[in-house]
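Subject: Structure handover

Hello,

Here is the structure I said I would pass on. My notes follow below it.

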Amino acid sequence: MNFNYNNIVKDVNPIVREKSQNVQLPLSTEDRELLQNMLQYVRDSQDEHLAVENNLRPAVGIAAVQLGVLKKMLAIVVPDEDGNNIEYALVNPKIISESVQRAYLKHGEGCLSVEDEHQGIVPRAARITVKAYDMIRDEEITIRAQNFLAIVMQHEIDHFSGTLFYDHIQKDDPWKPIPDAIVIE
């Protein structure tokens, strides 16, 4: 199944607030195909030509619930310091530890499922450790993520509990700086 932005479940749909379920391993053919298509969406959405041609909104990550599937699966494609892509297609990811230090994106976060603008700081852990099965590597892995990758992972894992990025924004002062936090451009 190939999909585009029209298939993305928006935050006005109550399903995005529901809890996702663990996925049975080994992956079924159906789950493997869905996760592969999620990964391909994120890859293709970062290519300006393919994004326009296929109606893809640019993304660095996607969770299965954003396609109406309440399963703990996500795909992430983010650049590393050298400009190469780090890719994950994770099943049942779980944050097992996180730093006390906070980090946030200077200009706030966005989401494929959120069409309205929600400005403000979204506080996240600066460093996290995640355990998950990774379909790309075909094994259980432990990921130590920091800064932008850590923020993206937390954003996508939040979807499993029905949490959206703007739930974290301080309502009375959305741009109030967080002391000692890492600010990511």
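How many bridges join strand 4 to strand 8, and do the two run parallel or antiparallel? Three bridges join them, and the strands run parallel. Please keep in mind that this is a predicted model.

Strand 8 covers residues 182-184. Within this pair, Leu105 of strand 4 stands opposite Ile184. Strand 4 itself spans residues 102-105 and also pairs with strand 5, residues 124-125. That second pairing is antiparallel and rests on two bridges, with Ala103 opposite Arg124.

Next, helix 1. It runs over residues 29-45, 17 residues in total. From first C-alpha to last it reaches 24 Å, close to the 24 Å expected at 1.5 Å a residue. Its buried residues include Leu34, Leu35, Met38, Leu39 and Val42, but also Asp31, Asn37 and Ser45. The buried residues of the helix pack against helix 2 (48-53) and against three strands: strand 1 (61-63), strand 2 (73-79) and strand 3 (85-98).

Strand 3 holds Leu90. Leu90 counts as buried because its relative accessible area is 0%, and the cut-off for buried is under 20%. Leaving aside residues up to four places away in sequence, Leu90 touches Leu35, Lys72, Met73, Leu74, Ala132, Tyr133, Asp134, Ile141, Ile143 and Met153. One of these contacts, Tyr133, lies 43 residues from Leu90 in sequence. In space, the C-alpha atoms of Leu90 and Tyr133 are 5.7 Å apart. Another of the contacts, Leu35, is among the buried residues of helix 1.

Regards

Definitions and conventions: Residues numbered from 1 in each chain as written. Predicted model: local features only at pLDDT ≥ 70, side-chain atom pairs only at ≥ 80, totals over all residues. Heavy atoms only, no water. Helix = DSSP H or I, 4+ residues; strand = E, 2+ residues; numbered from the N terminus. Expected span 1.5 Å × (residues − 1). Buried < 20%, exposed > 50% of the residue type's maximum accessible area, 1.4 Å probe, protein only. Contact = heavy atoms within 4.5 Å. Pairing = 2+ DSSP bridges.
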